[in-house]
There are 2 protein chains.
Amino acid sequence: MASPPGLNFFKEGYFTETGTMNPEPSVSLKVDEVLYQGESDFQRILFFRSEKFGRVLCLDNAIQCTEFDEFAYQEMISFLPLNSHENPREVLIIGGGDGGVAREVAKHPKVDKIIQCEIDGKVVELSKEFLPHMACGFASEKIDLRIGDGINFVKNTECRFDVIITDSSDPIGPAEVLYQDDYYASLNKILKPGGIVCCQGESLWFDREFIREVLGRCSKIFAKVDYSSIYIPTYPGGQIGFIMASNSEETDFRRPITVFSDDESERMRLRYYSSEIHSASFVLPRFARKYVDESLGRK
Amino acid sequence: MASPPGLNFFKEGYFTETGTMNPEPSVSLKVDEVLYQGESDFQRILFFRSEKFGRVLCLDNAIQCTEFDEFAYQEMISFLPLNSHENPREVLIIGGGDGGVAREVAKHPKVDKIIQCEIDGKVVELSKEFLPHMACGFASEKIDLRIGDGINFVKNTECRFDVIITDSSDPIGPAEVLYQDDYYASLNKILKPGGIVCCQGESLWFDREFIREVLGRCSKIFAKVDYSSIYIPTYPGGQIGFIMASNSEETDFRRPITVFSDDESERMRLRYYSSEIHSASFVLPRFARKYVDESLGRK
């Protein structure tokens with residue numbers, strides 16, 4: 001059954017987010033023009049234009065990205081794992097149908113080859129039309145884009161990867177399987193030695209039990225696990241986290257191995273990522289540090 | 001003229017924030033019970049109870065604090081300046097009528113004496129009734145609470161302070177004067193040598209021009225100025241910053257001089273502050289680092 005439409009739900013002329021794990025605080029954006037509204041085989045899709053936030057993509061009534069702040073998420077989910085790895089040549093992206101993560105990963109000088117597996121071809125096609133500054137990621141020669149089920153791909157592929165990024169929506173709806181035990185076990189199997197996984201990790205304020213569970217699960221599978229956090233104003237509570245995991249004890253997520261110079265960062269048009277914020281993103285407020293450490297069996 | 005009431009403004013049964021510098025994204029909280037609604041000589045006052053966020057105080061339709069996340073703001077606006085100072089014995093708080101900052105400052109073992117100047121006695125009285133876990137700050141023997149105009153106080157007082165904290169609402173309405181040139185100049189005059197000022201500093205995402213102006217202004221008055229940032233989900237965009245300034249070149253805001261042990265932090269019931277997050281809070285996303293540095297004449 002389709003979720004109730006977020007348009008005009010709280011107030012005429014506004015989109016109100018109702019489809020996240022955290023529908024409160026309820027966030028409403030003023031809609032200046034609806035660009036597309038429809039359904040794919042997997043989810044409800046909405047693109048609209050907001051004067052303040054630019055173009056906005058919503059899936060099942062949850063904001064996925066806005067032109068105003070998407071860079072925070074795309075840069076950090078990409079460069080945190082890539083720069084924690086000595087030589088991230090081969091990368092797998094699961095999800096990320098808007099192309100934003102592909103855009104960032106393809107910028108990295110050490111990355112040769114990117115396989116991306118997105119379940120919903122309609123999101124890819126529509127993003128090319130309505131979010132060209134993100135979907136431009138798909139134009140890179142490094143990218144091999146496959147439309148299909150991410151779970152099947154990771155279970156059956158013969159390929160092995162240095163870095164795997166899961167850019168998924170919340171664990172309700174089509175992305176639910178991307179947070180289960182056997183998904184992480186499968187990721188571990190297709191990682192090369194020294195490999196790193198980075199997954200969308202929800203809100204440190206609102207999803208404590210969920211984060212505890214996933215971290216506990218991952219710490220049984222991987223040699224090293226940690227949690228990083230960023231500011232992003234259009235996600236619930238203005239924050240989202242990333243779950244980082246590696247099959248090597250040697251991996252130190254908090255110290256980037258590749259450090260971009262200021263010139264490089266300008267050329268790569270980085271607006272959020274720097275090696276300083278890479279390290280600082282692992283420093284959590286005390287209440288969060290405590291439950292993350294507990295979940296990981298530290299102390 | 002009173003602002004339009006935020007209750008039922010977007011949706012029946014919800015409070016929608018309309019009175020901030022950033023009314024979009026519009027944040028709505030479900031109201032389970034209205035505890036108080038009225039007006040003082042200075043502003044509209046609303047207290048309500050939310051199932052998810054506990055008790056909430058709104059002034060002129062802007063959320064000032066919720067029991068769920070107030071600790072983030074109160075701890076950081078207090079311990080950032082206090083722990084950057086070698087011996088913060090005498091402290092001035094301007095604003096802070098809910099008592100939360102007083103509660104944190106009074107906890108600090110080095111603080112002997114706190115003068116607090118709040119313009120609106122009605123906020124203080126109502127906070128004692130509806131937010132006792134915050135207003136308990138006023139019960140400390142260290143506190144000398146004065147109801148009156150902060151501007152007049154800082155212009156006319158003979159007292160001198162090690163640390164001055166401005167805990168004000170947005171620079172619209174009664175707090176507007178707390179962001180002007182002569183306010184900062186007056187603060188500088190009543191600081192003891194090595195003194196530190198910490199002021200509410202708005203959103204790094206939405207208030208770039210405002211932050212530029214205030215930082216530029218402060219860097220003409222003080223020897224050292226910097227900007228720090230925290231997560232707080234019920235403020236616009238889930239983030240707020242602090243403007244830090246000192247009359248001494250020697251002050252290094254980023255390295256706390258007083259470091260609380262884990263035992264001390266537990267005894268002080270710290271939920272956000274740690275010496276690690278103290279330092280990390282000055283590390284900003286690249287776009288913000290750039291404009292903050294420019295405003296301060298760095299590089």
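## A walk through a predicted two-chain model

Four strands line up as an open sheet in the order E1(A)-E2(A)-E2(B)-E1(B), with antiparallel pairing. The edges of this sheet are E1 of chain A and E1 of chain B, each of which pairs on one side only. From one strand to the next, the twist averages 25°. Keep in mind that what you're looking at is a predicted model.

Let's zoom in on the chain A part of that sheet. E1(A) and E2(A) run antiparallel to each other and are joined over three bridges. If you want a spot to find on screen, look for Thr16(A), which stands opposite Ser28(A) in E2(A).

**Backbone oddities**

Now stay with those strands and check the loop that links them. In chain A, the loop between strand E1 (14–16) and strand E2 (26–30) contains Pro25(A). The peptide bond leading from Glu24(A) into Pro25(A) is cis, with omega near 5°. Over in chain B, Pro25(B) sits in the loop between strand E1 (14–16) and strand E2 (26–30), and the bond from Glu24(B) to Pro25(B) is cis, with omega near 5°.

Chain B also has a couple of residues with a positive phi that aren't glycines. One of them is Asn8(B), at about 60°, and another is Arg269(B), near 55°. Here they are next to each other:

| Residue | Phi | Where it lies | Relative accessible area |
|---|---|---|---|
| Asn8(B) | about 60° | segment before E1 of chain B | 40% |
| Arg269(B) | near 55° | loop between helix H8 (262–267) and helix H9 (275–280) of chain B | 60% |

Buried, partly exposed or exposed: which word fits Asn8(B)? With a relative accessible area of 40%, Asn8(B) is partly exposed. Arg269(B) counts as exposed because its relative accessibility is 60%, and the cut-off for exposed is over 50%.

**Two helices in chain B**

Two packed helices can be described by the angle between their axes and the distance between those axes. Take helix H6 (residues 181–189) and helix H7 (residues 208–221) of chain B: their axes come within 10 Å and cross at roughly 35°. The crossing of H6(B) past H7(B) is right-handed. On the H6(B) side, the contact is made by Asp181(B), Tyr184(B), Ala185(B) and Asn188(B), while H7(B) brings in Val214(B), Arg217(B), Cys218(B) and Ile221(B). Sort these contact residues by type and you get five nonpolar, one polar and two charged.

**Asp167(A) and a covered helix**

Which residue does UniProt list for "active site"? It's Asp167(A), and the record is an unreviewed entry. You'll find Asp167(A) in strand E10 (residues 161–167) of chain A. Asp167(A) is buried because its relative accessible area is 9%, and buried means under 20%. Leaving aside neighbours within four places in sequence, Asp167(A) touches Tyr73(A), Ile77(A), Ile94(A), Gly95(A), Gly96(A), Asp98(A) and Val101(A).

That last contact, Val101(A), is also one of the buried residues of H2(A). How many of the eight residues of helix H2 (residues 100–107) of chain A are buried? Seven are, so this helix is mostly covered. Among the buried ones are Arg103(A) and Glu104(A), along with Gly100(A) and Ala102(A). What do they pack against? The buried residues of H2(A) meet helix H1 (70–84), strand E7 (90–95), strand E8 (113–118), helix H4 (132–135), strand E9 (143–147) and E10 of chain A. And E10 is the strand that holds Asp167(A).

Conventions: Residues are numbered from 1 along each chain as its sequence is written. Chains are lettered from A and ligands numbered from 1 in the order in which they are written. This is a predicted model: local features need pLDDT of at least 70, side-chain atom pairs count only at pLDDT 80 or more; totals for chains, interfaces and linings use all residues. Side-chain values use heavy atoms; hydrogens and water are left out. Buried means under 20% relative accessible area, exposed over 50%, partly exposed in between (1.4 Å probe, protein chains only). Two strands pair if DSSP finds at least two bridges between them. Axes are lines fitted to C-alpha atoms, for helices over the stretch in contact, and angles run from 0 to 180 degrees between N-to-C directions. A crossing is left-handed if the near helix is turned anticlockwise from the far one by less than a right angle, and right-handed if clockwise. Contact means heavy atoms within 4.5 Å. Ala, Val, Leu, Ile, Met, Phe, Trp, Tyr, Cys and Pro count as nonpolar, Asp, Glu, Lys and Arg as charged, and the others, Gly among them, as polar. UniProt positions are given in the numbering used here, feature names are shortened, and annotations may be inferred rather than shown by experiment.
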